[in-house]
Amino acid sequence: FVFGKGIGKVYFDPESGYAGELCFDIIDPRTFVYPKGYTDIWEMPWCGEVFQKPLDWIRLKYPENGMKVKPDGGDKKVVDGDTDASGNYKFGAESYELSDSFATIYSIWIRDHETEEVIEKTVEKGKDGEDVEIEKKTTKLKYPNGKILVFCKNMDEPLEEKPYPYDHGKPPYVDFTDYYKPHAFEGIGEIEMIESLVLENNLL
């Protein structure tokens with residue numbers, strides 16, 4: 001009602017303990033990003049979320065590359081170039097320094113068209129009627145259902161890059177609209193619909 005467009009994230013969580021393991025999370029529409037010019041969320045080549053998280057959460061969630069994340073805004077607790085031998089940014093011993101420093105995280109679903117070469121084995125009948133195994137090289141999509149890419153803007157490598165686990169090939173988001181705005185993905189909320197009426201009433 002406030003923003004005109006609601007965003008939901010749908011996925012399966014095997015650790016949720018609920019029957020069916022189907023989860024539906026409400027996403028703040030202000031954190032949802034998508035390419036301009038698209039009105040259907042399932043036709044978009046990419047879409048996802050942008051949000052800020054403390055460094056301790058990032059290091060716990062992504063133990064492999066989370067140590068290399070630098071906080072936003074030139075945080076005084078970390079100085080450029082202040083890294084250890086592994087390239088990880090050094091912090092003090094106090095854990096509150098990690099909780100008090102934030103970085104912007106991008107979690108994006110991408111319809112990726114990258115291909116890879118694979119060898120397919122088939123069995124055919126030979127001249128003598130015996131089964132003969134034949135190997136053929138072919139190319140296929142590396143991520144046929146898309147991929148999930150999680151990264152920070154101040155990193156050279158992603159925090160996570162993995163194939164999208166579901167075979168429908170559509171993003172894990174659904175949208176619901178209060179009032180439709182023609183030729184636009186954004187909707188019209190209740191506040192925008194009555195704003196001029198309230199202004200006129202106040203003036204009177």
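A pocket is here an open set of grid points with protein on both sides within 12 Å along at least five of seven lines, and its lining residues are those with an atom within 4 Å of a point. The views below all show a predicted model.

**View 1. The chain as a whole, with its helices and strands.** The chain holds three helices and 10 strands, and, read from the N terminus on, these elements follow one another as β-β-β-β-α-α-β-β-β-β-β-β-α. Of the 204 residues in the chain, 31% are buried. When contacts between residues at least 6 apart in sequence are considered, 57% of them join residues at least 24 apart.

**View 2. The largest pocket and the residues around it.** This pocket has a volume of about 760 Å³, and 27 residues line it, with Lys9, Tyr11, Lys61, Glu160 and Lys162 lying nearest its centre. Two or more lining residues are given by each of β1 (5–12), β4 (46–54), α1 (55–61), β5 (102–110), β8 (147–152) and β9 (160–163). The largest share of this lining comes from β4, which contributes five residues. By residue class, the lining of the largest pocket consists of 16 nonpolar, two polar and nine charged residues. Empty space of this kind is revealed by rolling a probe the size of a water molecule over the atoms.

**View 3. The second largest pocket, with Phe1 and Phe176 among the residues nearest its centre.** The volume of the second largest pocket is about 170 Å³, and its lining is made up of 14 residues, of which Phe1, Gly4, Lys5, Gly6 and Phe176 lie nearest the centre. At least two lining residues come from each of β1, β2 (22–27) and β10 (173–177), and the largest share, three residues, is supplied by β1. The lining of the second largest pocket divides into eight nonpolar, three polar and three charged residues.

**View 4. The open sheet of three strands, in the order β2-β1-β10.** The pairing in this sheet is antiparallel, and β2 and β10 are its edge strands, each of them pairing on one side only. From one strand to the next, the twist averages 30°. The antiparallel strands β1 and β10 are joined by five bridges, and within this pair Lys9 of the chain stands opposite Tyr173 in β10. Lys9 can also be located in View 2, where this residue is one of those nearest the centre of the largest pocket.

**View 5. The open sheet of five strands, in the order β3-β4-β5-β8-β9.** Here too the strands pair in an antiparallel manner, and the edges are formed by β3 (32–33) and β9, each of which pairs on one side only. Six bridges join β5 to β8, the two strands running antiparallel, and along this pair Ile110 stands opposite Lys147 in β8. On the way to the edge, β8 is joined to β9 by four bridges, again with the strands antiparallel; across this pair, Val150 stands opposite Glu160 in β9. Five of the six residues of β8 are buried, so that the strand is mostly covered. As a general point for reading such a view, the side chains of a regular strand alternate between the two faces of the sheet.

**View 6. Ser107 and its surroundings in strand β5.** Ser107 has its place in β5, and its bridge partner in β8 is Val150, the residue that also stands opposite Glu160 in β9. Is Ser107 buried or exposed? Ser107 counts as buried because its relative accessible area of 13% falls under the 20% used as the cut-off. Leaving aside residues up to four places away in sequence, Ser107 touches Cys47, Gly48, Glu49, Phe51, Ile148, Leu149, Val150 and Tyr173. Of these, Leu149 is 42 residues away from Ser107 in sequence, while the C-alpha atoms of the two residues are 5.9 Å apart in space. Tyr173, another of the residues that Ser107 touches, can be found again in View 4 as the residue in β10 opposite Lys9.

Notes:
Residues numbered from 1 in each chain as written. Predicted model: local features only at pLDDT ≥ 70, side-chain atom pairs only at ≥ 80, totals over all residues. Heavy atoms only, no water. 1 Å grid on protein atoms, 1.4 Å probe; cavity = no way out; pocket = protein on both sides within 12 Å on 5 of 7 lines; lining within 4 Å. Points joined across faces, edges and corners; volume = space filled by probe spheres on them. Nonpolar A, V, L, I, M, F, W, Y, C, P; charged D, E, K, R; others polar. Buried < 20%, exposed > 50% of the residue type's maximum accessible area, 1.4 Å probe, protein only. Contact = heavy atoms within 4.5 Å. Pairing = 2+ DSSP bridges. Axes fitted to C-alpha atoms, helices over the stretch in contact; angles between N-to-C directions.
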